[in-house]
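Take a first look at the chain below. The paragraphs after it go from the ligand outward to the sheets and loops.

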Amino acid sequence: MAQEDVFKKLVAHCKEYGYVFPSSEIYDGLGAVYDYGQNGVELKNNIKKYWWDSMILLRENVVGLDSAIFMHPTVWKASGHVDAFNDPLIDNKDSKKRYRADALIEELAAKYEEKAEKEVEKARQRFGERFDEALFRQTNPQVTANIEKRNALVARLSAALNANDLAELRQIIIDNKIACPLCGTCNWTEVRQFNLMFATEMGSTAEGATKVYLRPETAQGIFVNFLNVQKSGRMKVPFGIAQIGKAFRNEIIARQFIFRVREFEQMEMQYFVRPGQGLDAFRQWKEARMKWHRALGFNPADYRFHDHEKLAHYANAATDIEYRFPFGFKEVEGIHSRTDFDLSRHQEFSGKKMQYFDPELNESYVPHVVETSIGVDRVFLQVIAAAYREEATDAATRVLLALPPALAPVKLAVMPLVKKDGLPEKALEIIRQLRFDHRCQYDEKDSIGKRYRRQDAIGTPFCITVDHDSLEDNTVTIRYRDTMQQERVAIDQLPAIIDEKTSLKTLLRALD
Ligand code: ATP
């Protein structure tokens, strides 16, 4: 199946099974804003808990914070967002569609890379075990030509972005004959800068109102509270502050479902270190964060680092963790070594010292910062995309979400074989026993096969069937989602079986 079709199915699946709905759907929706349904909210909460516990429980020197969405407007002046949180936009005069100029160029670069990868893949299949991939990559003319084209394009794009040269961005689009994906023409407007922050007014009278912003990232709430947390928590550098919260960006294009939305949630952690220790900390966090992703158990080959060739002026190292979505490798998380840029800027704009007195060195300094920044909605999409499967069975296609059990919204479904003879009562008794620890669902409608399929589609790892024997010997049939295998077990054993497989501890232990 073409990857585009897979993605369409995924979006439809999310709606059909209560994961994600378009916002205000009865009014035809609101662009790039989504609501999370009864299963979506559970998956989201489980992802957040996995991240939070990995930061707060497993690390003594990382603490949490929940700062307000509204902040003093000068925060955004100091952070550079008022002046520079822009995307270059371009319109096609024929289709009237708007695009990010840099994204159009990046897409072409990705196409060159894809072409090269396809050649490598074809050769791998042709040569089998004898395939020398490194040699092929160096010598195959198709591969080298496409990679050269990609590299030249990326270098030209980086130079234009660094120089903030909007005319050059347009020229790259023209020179490479990049056409509007919708109408196919190259009839482009000039490139303009567009600030991504949403603004509103705070105050009761028009004259007295202050312009405030909906935060475009949660990180600034951490920076401005750095000393509050350090002093009240008697924290010693190195230490980290972690936060989960909403962020808002007026994205120019938002076409890939919840991948790029205008209201989203971030999980960010700023790690404060001594000057000179940023790069070491950066390397450690890079490794730790990849481990967090891989512990979910999906195909390791679908994750990769993308080290930034172009660094922001304040960063001395940056990388993205990318995942192979149905629409290609894309960023899920950013890890940045930001030097002392943010704290120094707040020191400058607020006139307040943002320094830490280091008792071991007996000196004060502005700490350097490594940040890890990940979008909840993006991990959500990544997890759903990785978990979605269609399997041919004897009867029909089985659609399942092979979610890591610790993240699954419903951990087990309990089903009486028939709706009589005391079986429903027995099933409900099991639920009453397990519901304090696990989200359970009771299901008595339709044939048992149909009920299994419903649970497969929402990703429930276990189905428990209660039959007449259960009344006699207190055993039930447990059916495993991924293998469809069934086993007879004692009801007393259920808490241990379910606990072992679905507890967040199973994921967290892999990080230890
Ligand atoms: P992109 O290049 O995709 O716009 P970015 O580099 O601007 O992302 P950051 O500012 O580094 O992103 O934000 C950190 C993380 O927040 C991203 O890795 C992503 O997971 C998430 N994120 C950023 N923008 C959005 C958005 N509009 N919708 C959903 N998640 C987002």
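Which strands each supply at least two residues of the shell around the ligand? They are strand 10, strand 13 (328-337) and strand 16 (368-375). Strand 13 gives the largest share of that shell, 5 residues. Helices and strands here are DSSP runs, numbered from the N terminus: helices are H or I with at least four residues, strands are E with at least two.

The model is predicted, so local features need pLDDT of at least 70 and side-chain atom pairs count only at pLDDT 80 or more, while totals for chains, interfaces and linings use all residues. Residues are numbered from 1 along each chain as its sequence is written, and side-chain values use heavy atoms, with hydrogens and water left out.

Stay with the ligand. It is surrounded by 17 residues. The closest are E251, R260, V261, E331 and V332. A residue counts as near a molecule or strand if one of its heavy atoms lies within 4 Å of it.

Some polar atoms come close to the ligand. An N or O atom in the side chain of R249 is 2.9 Å from a ligand oxygen. A backbone N or O atom of V332 lies 2.8 Å from an oxygen atom of the ligand. A polar backbone atom of F259 is 3.5 Å from a ligand nitrogen. A polar contact is a pair of N or O atoms within 3.5 Å; within protein, one must be able to donate a hydrogen and the other to accept it, and residues adjacent in sequence count only if both atoms are side-chain atoms.

How much of the ligand does the protein bury? Taken alone, the ligand exposes 590 Å², and the protein buries 84% of that. Accessible areas come from the Shrake-Rupley method with a 1.4 Å probe; for residues, only the protein chains shown count as cover.

Now find R262. R262 sits in the loop between strand 9 and strand 10. R262 is 13 residues from R249 in sequence, and their C-alpha atoms are 4.9 Å apart in space. The side chain of R262 reaches the backbone oxygen of E251 at 2.8 Å. Leaving out residues up to four places away in sequence, R262 touches several others, among them G31, F198, R249 and A254. Contact means heavy atoms within 4.5 Å.

Strand 9 (residues 239-248) comes next. Is strand 9 largely enclosed or largely open? Strand 9 is largely enclosed by the rest of the structure, because 9 of its 10 residues are buried. Buried means under 20% relative accessible area, exposed over 50%, and partly exposed in between, with a 1.4 Å probe and protein chains only.

Strand 9 has two partners to trace. With strand 3 (residues 62-65), strand 9 pairs in the parallel sense over 4 bridges. Here V63 has I241 as its bridge partner. Strand 10 (residues 263-273) runs antiparallel to strand 9, and 10 bridges join them. F239 is matched there with F272. Two strands pair if DSSP finds at least two bridges between them. Strands of a sheet pair through backbone hydrogen bonds, either parallel or antiparallel.

Another sheet is open and has 3 strands, in the order 5-4-6, with antiparallel pairing. Its edges are strand 5 (98-100) and strand 6 (192-195), each paired on one side only. Neighbouring strands in this sheet are turned by 45° against each other on average, direction ignored. Helix 8 (residues 166-175) packs on the sheet and touches strand 4 and strand 6. The direction of helix 8 makes about 45° with that of strand 4. Axes are lines fitted to C-alpha atoms, for helices over the stretch in contact, and angles run from 0 to 180 degrees between N-to-C directions. Strand 4 (residues 86-91) and strand 5 are joined by 3 bridges. D91 stands opposite R98 in strand 5.

Last come some backbone details. Most residues other than glycine have a negative phi, and most peptide bonds are trans. V237 and P238 are joined by a cis peptide bond, with omega about 5°. P238 lies in the loop between helix 10 (226-232) and strand 9. N164 is not a glycine, yet its phi is positive, about 55°. N164 is in the loop between helix 7 (141-162) and helix 8. D446 has a positive phi near 75° and is also not a glycine. D446 lies in the loop between strand 20 (440-442) and helix 15 (448-458), and is partly exposed at 32% relative accessible area.
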